[in-house]
Amino acid sequence: MTGGLLPANCFPKQAAELWNCLFLTLSEIAELLEFVRKTANHPWIYPMVAFAAHTGARRSEAIRALVGDVDFESGTVLVREKKRVKGKRTTRRVPLSPLLARVLRDWLKDHPGGSLLFAVPEVVERSSKRSRTTGHQNGETRPTSLKGRLSTVRLRERPGIVPLTRDETHDHFERTLRGSKWSVLKGWHVLRHSFASNWRGEGS
């Protein structure tokens, strides 16, 4: 990955700053996306990572994206930007790359429904926040009997199709890359940084 190895005598604070400056080349982005495609535990992860990598969208912008923002006919996607002026939001149009177009077409075939581009169904297996039940006990005080453990378990209120949260997307980004060479990536911002760096390189 661009940036190379950190010096052995690099202090933790300096190392963190250097890793935060890391950006991926086009070939590295392609390799990362293929890794995410093969290893992601939930169907929304790969298309959202591809969206961020191929549009330069911030994590919050990807979370706000709507299905209607993707215009396959014109080959563009509308990115809803962060609030720049109090009470107002701005948008920008970004070209829809061939790869991202394919990824989003496939994703929309299995989309859970609703207007949000990246959303999850009311029940997500293997999710602590979106499982069918809640109230499971953990830790040293957990009862030893099955009856005791089930005494606090109840069916979760069904929220329907709901947006992803910032913490949720960050957690799944880390989980997907954990234990691989990509685990040095500190968050979604590296995709935006890489997009901007590669765009400047192509334009120079």
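This is a guided tour of a predicted model, stop by stop.

**Before you start**

Residues are numbered from 1 along each chain as its sequence is written, and side-chain values use heavy atoms, with hydrogens and water left out. Because the model is predicted, local features need pLDDT of at least 70 and side-chain atom pairs count only at pLDDT 80 or more, while totals for chains, interfaces and linings use all residues.

**Stop 1: the whole chain**

Show the protein chain as a cartoon. Its secondary structure comes to 8 helices and 7 strands. Both kinds of element are DSSP runs, numbered from the N terminus: helices are H or I with at least four residues, strands are E with at least two. Now colour by burial. Of the 204 residues, 36% count as buried. Buried means under 20% relative accessible area, exposed means over 50%, and partly exposed lies in between (1.4 Å probe, protein chains only). Look at contacts too, meaning heavy atoms within 4.5 Å. Among those between residues at least 6 apart in sequence, 59% join residues at least 24 apart.

**Stop 2: the three-stranded sheet**

Select S1 (70–71), S2 (76–80) and S3 (91–95). These 3 strands form an open sheet in the order S1-S2-S3, with antiparallel pairing. S1 and S3 stand at the edges with a single partner strand each, so one side of each has no neighbour in the sheet. Two strands pair if DSSP finds at least two bridges between them.

Start with S1 and S2. They pair over 2 bridges. Val70 has Val77 of S2 as its bridge partner, and Asp71 stands opposite Thr76 in S2. The hairpin of S1 and S2 has 4 residues between the strands, and Gly75 there takes a positive phi near 70°.

Move across to S3. Here 5 bridges join S2 to S3. Val77 turns up again: its bridge partner in S3 is Val94. How enclosed is S2 by the rest of the structure? Largely, because 4 of its 5 residues are buried.

Next, add H3 (45–55). H3 packs on the sheet and touches S2 and S3, its direction making about 95° with that of S3. Such angles run from 0 to 180 degrees between N-to-C directions, with axes fitted to C-alpha atoms, for helices over the stretch in contact.

**Stop 3: Glu81**

Select Glu81, in the loop between S2 and S3. Is Glu81 buried or exposed? Glu81 counts as buried, because its relative accessibility is 6%. Leaving out residues up to four places away in sequence, Glu81 touches Glu61, Arg64, Arg89, Thr90, Thr91 and Arg92.

**Stop 4: helix H5**

Select residues 98–109. H5 has 12 residues and reaches 17 Å from its first C-alpha to its last, close to the 16 Å expected at 1.5 Å a residue. The expected span is 1.5 Å times one less than the number of residues. Its buried residues are Leu100, Ala101, Val103, Leu104 and Trp107. They line one face of the helix, because they fall within an arc of 165° seen down the axis. The arc is that of the directions from the helix axis to the C-beta atoms. These buried residues pack against H3, S1 and strand S4 (119–120). Now turn to the face away from the buried side: Pro98, Arg102 and Lys109 are exposed there.

**Stop 5: helix H7**

Select residues 166–177. Glu168, Thr169, His172, Phe173, Thr176 and Leu177 are buried in H7. They cover an arc of only 150° around the axis, which puts them on the same side of H7. Gly179 follows H7, with a positive phi near 80°.

**Stop 6: the nonpolar core**

A nonpolar core is a set of buried Ala, Val, Leu, Ile, Met, Phe, Trp, Tyr and Cys residues joined through side-chain atoms within 4.5 Å. The largest one has 41 residues, and Phe51, Leu104, Leu185 and Leu191 have the most contacts inside it. Elements giving two or more residues to this core include H2 (26–39), H5 and H7. H3 gives the largest share, 8 residues.

Zoom in on Leu191. Beyond residues up to four places away in sequence, Leu191 touches Leu32, Val49, Ala52, Ala53 and Phe173.

**Last stop: His189**

Select His189, in helix H8. His189 counts as partly exposed, because its relative accessibility is 40%. Add Arg58: the two are 131 residues apart in sequence and 6.7 Å apart in space, C-alpha to C-alpha.
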